[in-house]
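User: I am new to this structure and would like to know what stands behind the terms used for it. Please take the terms one at a time.

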Amino acid sequence: MPRLAYLGPEGTFTEEALRTLAPDAERLPCANVSAALDAARQGEADGAVVPLENSLEGGITTTLDELAWGRQLLIVAELLLPVEFSLLVRPGTRMRDIKRIFTHPAAITQCRGFTARELPEAVVVAAPSTAAAAQEVALPGSPYDAAIAARIAGDNYGLVELVANVGDRSDTVTRFVRVAPPGRLPAPTGADRTSLVAFLSDDHPGALLEMLTEFSVRGVNLTRIESRPTGDGIGRYFFHFDLEGHVSDARVGEAVSGLHRVSSEVRFLGSYPRADGLTPQVKRGTSDSDFAEAAGWLARIRAGQV
């Protein structure tokens, strides 16, 4: 039975994702995403489950940067989890009593319209997680009157749901990933995703285009590209890529190899089954058999068998 770290305490959306991805795993709650990933790196856990991106606010920058800069971890699975927020209060609290709200920064973004419309005078304060916010609001003498969190967090900490579905979009989805120390990759399924990070060798006109061309000419579709600052000064970035296919696919392997040639550094973050089960459309001339036939043809030419 694996032990998996996650963004705690109990009642977070990350715990819900962990329960779905690995229902039999032992759960190790951590104070933040960095601590959960460090637990996997240091052997305190066999892996971790962390949020990677949200359909409304984009990439979770802490996770992106940890995967790019921290000690190597590989993504082995992903989950798309619908996210519904509730306004949770201590029993007896009314809307007019709410002056201070505690919640995670992602929830602040995703519920901004609701709080501006329904609680315009309330101050919204960032918490380490939505469940930590609910836990704090439940304490006697808490300076906060309400938490925005998952309904299950209210059940866990004795709060009541004052308003359900307070998110500005009802179709919000968060993508969670399960990561583990480097090891054997998940086997290809035909509906896979590969993630990696690439650093520019130098900043010159067309540098990003050179990277993208490595994917385009081999018919590899990118499902996400996101830039992050390197910290070396304004205008210096590295790039997160998600792409269709498994690194064992000829077209993906050659694209990753080509990216390595034109980049100063490439960090491979894993090939794993896609949560949505979508299979890529393979362009003519880019299937594994096409690459094998072309390699055989070139070998015959080099051997003088023209």
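Analyst: A salt bridge is a side-chain nitrogen of Lys or Arg within 4 Å of a carboxyl oxygen of Asp or Glu. By that rule a search of the whole structure finds 22 salt bridges. The model is a predicted one.

User: What makes Arg3 and Glu26 a salt bridge?

Analyst: The N to O distance between their side chains is 3.2 Å, and the cut-off is 4 Å. The pair therefore counts as a salt bridge. Arg3 belongs to strand β1 (residues 3–7) and Glu26 to strand β2 (residues 26–30), so the bridge ties together parts that are 23 residues apart in sequence.

User: Are Arg3 and Glu26 buried, exposed or partly exposed, and how do you know?

Analyst: Buried means under 20% relative accessible area, exposed means over 50%, and partly exposed is in between. Arg3 has 28% and is partly exposed. Glu26 has 36% and is partly exposed.

User: How do you know that Arg41 and Asp38 are paired, and what separates them along the helix?

Analyst: Their side chains meet at 3.0 Å, N to O, which is set against a limit of 4 Å. Arg41 and Asp38 are 3 residues apart in helix α2 (residues 33–41), which means that about one helical turn separates them. An α-helix has 3.6 residues a turn, so residues three or four places apart point the same way.

User: Why is Arg41 called buried and Asp38 partly exposed?

Analyst: Arg41 has a relative accessible area of 11%, and the limit for buried is under 20%. Asp38 has 29%, which falls between the limits of 20% and 50%, so Asp38 is called partly exposed.

User: What makes Asp276 and Arg274 a salt bridge, and how is each of the two classed?

Analyst: The side chains of Asp276 and Arg274 meet at 2.9 Å, N to O, and the rule asks for a nitrogen within 4 Å of a carboxyl oxygen. Arg274, at 10% relative accessibility, counts as buried, while Asp276, at 35%, counts as partly exposed. Elsewhere, salt bridges that share partners join Glu53, Glu78, Arg175, Arg193, Arg224, Glu226 and Asp242 into one network.

User: How many disulfides are there, and what would make one?

Analyst: A disulfide needs a pair of cysteine sulfur atoms within 2.5 Å. The search of the whole structure finds 0. Two cysteines can still be classed by cover: Cys111 is buried at 0% relative accessibility, and Cys30 is buried at 12%.

User: Why is helix α6 called mostly covered?

Analyst: In α6 (residues 130–137), 6 of the 8 residues are buried. These are Thr130, Ala131, Ala132, Ala133, Ala134 and Val137. What covers them includes α1 (13–21), β6 (86–89), β7 (100–103), α4 (105–110), β9 (146–149) and α7 (151–157).

User: What makes a set of residues a nonpolar core, and how many residues has the largest one?

Analyst: The members must be buried nonpolar residues joined through side-chain atoms within 4.5 Å. The largest such core has 26 residues, and those with the most contacts inside it are Phe85, Leu87 and Ile148. The elements giving two or more residues to this core are β1, α1, β5 (74–82), β6 and β9. The most comes from α1, with 3 residues. Apart from this core lies another, of 25 residues, among them Cys30, Ala45, Leu73 and Val177.

User: Which residues does Phe85 touch beyond its neighbours within four places in sequence?

Analyst: Its contacts include Phe13, Ala107, Cys111, Thr130 and Ile148.

User: Why is Asp203 called exposed?

Analyst: Asp203 has a relative accessible area of 53%, and exposed means over 50%. Asp203 is therefore classed as exposed. The residue is found in the loop between β12 (192–200) and α8 (207–216). Leaving aside neighbours within four places in sequence, Asp203 is in contact with Gly235 and Arg236. From Asp203 to Arg236 the C-alpha distance is 7.8 Å, with their positions 33 residues apart in sequence.

User: What makes Val306 exposed, and which patch holds Val306?

Analyst: Val306 has 86% relative accessibility, set against a limit of over 50%. Val306 lies in the segment after α10 (288–302). With Trp297, Leu298 and Ile301, Val306 forms a nonpolar patch on the surface, with about 430 Å² of accessible area together.

Key. Residues numbered from 1 in each chain as written. Predicted model: local features only at pLDDT ≥ 70, side-chain atom pairs only at ≥ 80, totals over all residues. Heavy atoms only, no water. Buried < 20%, exposed > 50% of the residue type's maximum accessible area, 1.4 Å probe, protein only. Helix = DSSP H or I, 4+ residues; strand = E, 2+ residues; numbered from the N terminus. Contact = heavy atoms within 4.5 Å. Patch = residues over 30% accessible without salt bridge, like charges linked within 9 Å, V, L, I, M, F, W, Y side chains within 5 Å. Areas by Shrake-Rupley, 256 points an atom, 1.4 Å probe, with all protein chains shown as cover.
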